[in-house]
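Got a protein chain in front of you and not sure where to look? Here's a quick briefing to get you oriented.

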Amino acid sequence: MQITRLFAFLLMVLEWTRPGLSSPLRPICDLRVVDHFIKEAWDAEAALRACKDACSIATNFTVPLTRVDFDVWAAMNIEEQAQEVQSGIHVLNDAISSLQASNQTDVLQSHIDASINNIASIRQVLRSLSIPEYVPPTNVGEDKEMQKVSSISELFQVHINFLRGKVRLLVASAPVCHQGVS
């Protein structure tokens, strides 16, 4: 009897730890998680402001618009909101990733790496909320939801504002976070 229970227990443990099977993500509905990413983006932007000339680069970055028309946002369904946020995250990731090859200072490089890791974590948070990943088509002309900025400081300011606005709104309104709430 004891051997049977031990064998059953071992089978359960092996089933849970079998490679290739991941447990489903628990929804991350706590806005303090998003606030943590906003704070880290603030820290990066502050470091860049202090860096000035040593952290300059002569290029334009395509970034998402950060303004939110709350009436338009409220009229959008969750899929449209998710698509806009995922598209913006994709574009921000591309812009920040493009800095990796620019031979920046160690301080700037650490903020670039941290920002890229934060974007990956934000994608994981969205995935935990059952928000599908969306990659915008590359062959579209000028997107009305995008803009150009010409400095690294502006790029990181857009990053902050995008997190404070559209990402925070999407996480706050994710349907999975409101299930069972009356």
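Let's start with helix 2, residues 31–51: at 1.5 Å a residue, its 21 residues should span 30 Å, and its end C-alpha atoms are indeed 30 Å apart, so the two agree. Keep in mind that this is a predicted model.

**Helix 2 and its two sides**
- Looking down the axis of helix 2, you'll find its buried residues within an arc of 120 degrees, so they line one face of the helix.
- Those buried residues are Val34, Phe37, Ile38, Ala41, Ala44, Glu45 and Leu48.
- Their cover includes helix 5 (106–128) and helix 6 (152–173).
- Flip to the face turned away from the buried side and you'll meet the exposed residues Arg32 and Ala50.

**The nonpolar core**
- In soluble globular proteins, nonpolar side chains tend to be buried together.
- Here the largest nonpolar core has 41 residues, and Leu155, Phe156 and Val167 are the ones that touch the most other members.
- Helix 2, strand 1 (61–64), helix 4 (78–97), helix 5 and helix 6 each give two or more residues to this core.
- Helix 6 chips in the most, with 10 residues.
- Leaving aside residues up to four places away in sequence, Val167 touches Val34, Val85, Ile89, Ile122 and Phe162.

**Helix 4**
- Helix 4 is largely enclosed by the rest of the structure, because 15 of its 20 residues are buried.
- From first C-alpha to last, helix 4 reaches 28 Å, close to the 28 Å expected at 1.5 Å a residue.
- Asn77 caps the N-terminal end of helix 4, with a side-chain oxygen 3.0 Å from the backbone nitrogen of Glu79.

**Lys166, a buried lysine**
- Lys166 sits in helix 6.
- With a relative accessible area of 3%, Lys166 falls under the 20% cut-off, so it counts as buried.
- What does the side chain of Lys166 make a polar contact with? The partner is the side chain of Glu84, at 2.5 Å.
- Not counting residues up to four places away in sequence, Lys166 touches Leu65, Thr66, Arg67, Val68, Trp73, Glu84, Val85 and Glu145.

**How confident is the prediction?**
- The chain has a mean pLDDT of 80, and 77% of its residues reach 70 or more.
- Among the elements, helix 3 (residues 70–75) has the highest mean pLDDT, 94, while helix 1 (residues 2–17) has the lowest, 47.
- Over residues 4–21, pLDDT stays under 50, and the model has one contact beyond four places in sequence for them.

Definitions and conventions. Residues numbered from 1 in each chain as written. Heavy atoms only, no water. Helix = DSSP H or I, 4+ residues; strand = E, 2+ residues; numbered from the N terminus. Expected span 1.5 Å × (residues − 1). Buried < 20%, exposed > 50% of the residue type's maximum accessible area, 1.4 Å probe, protein only. Arc of directions from axis to C-beta. Contact = heavy atoms within 4.5 Å. Core = buried A, V, L, I, M, F, W, Y, C linked by side-chain atoms within 4.5 Å. pLDDT = per-residue confidence, 0-100. Polar contact = N/O pair within 3.5 Å; in protein donor to acceptor, adjacent residues only side chain to side chain.
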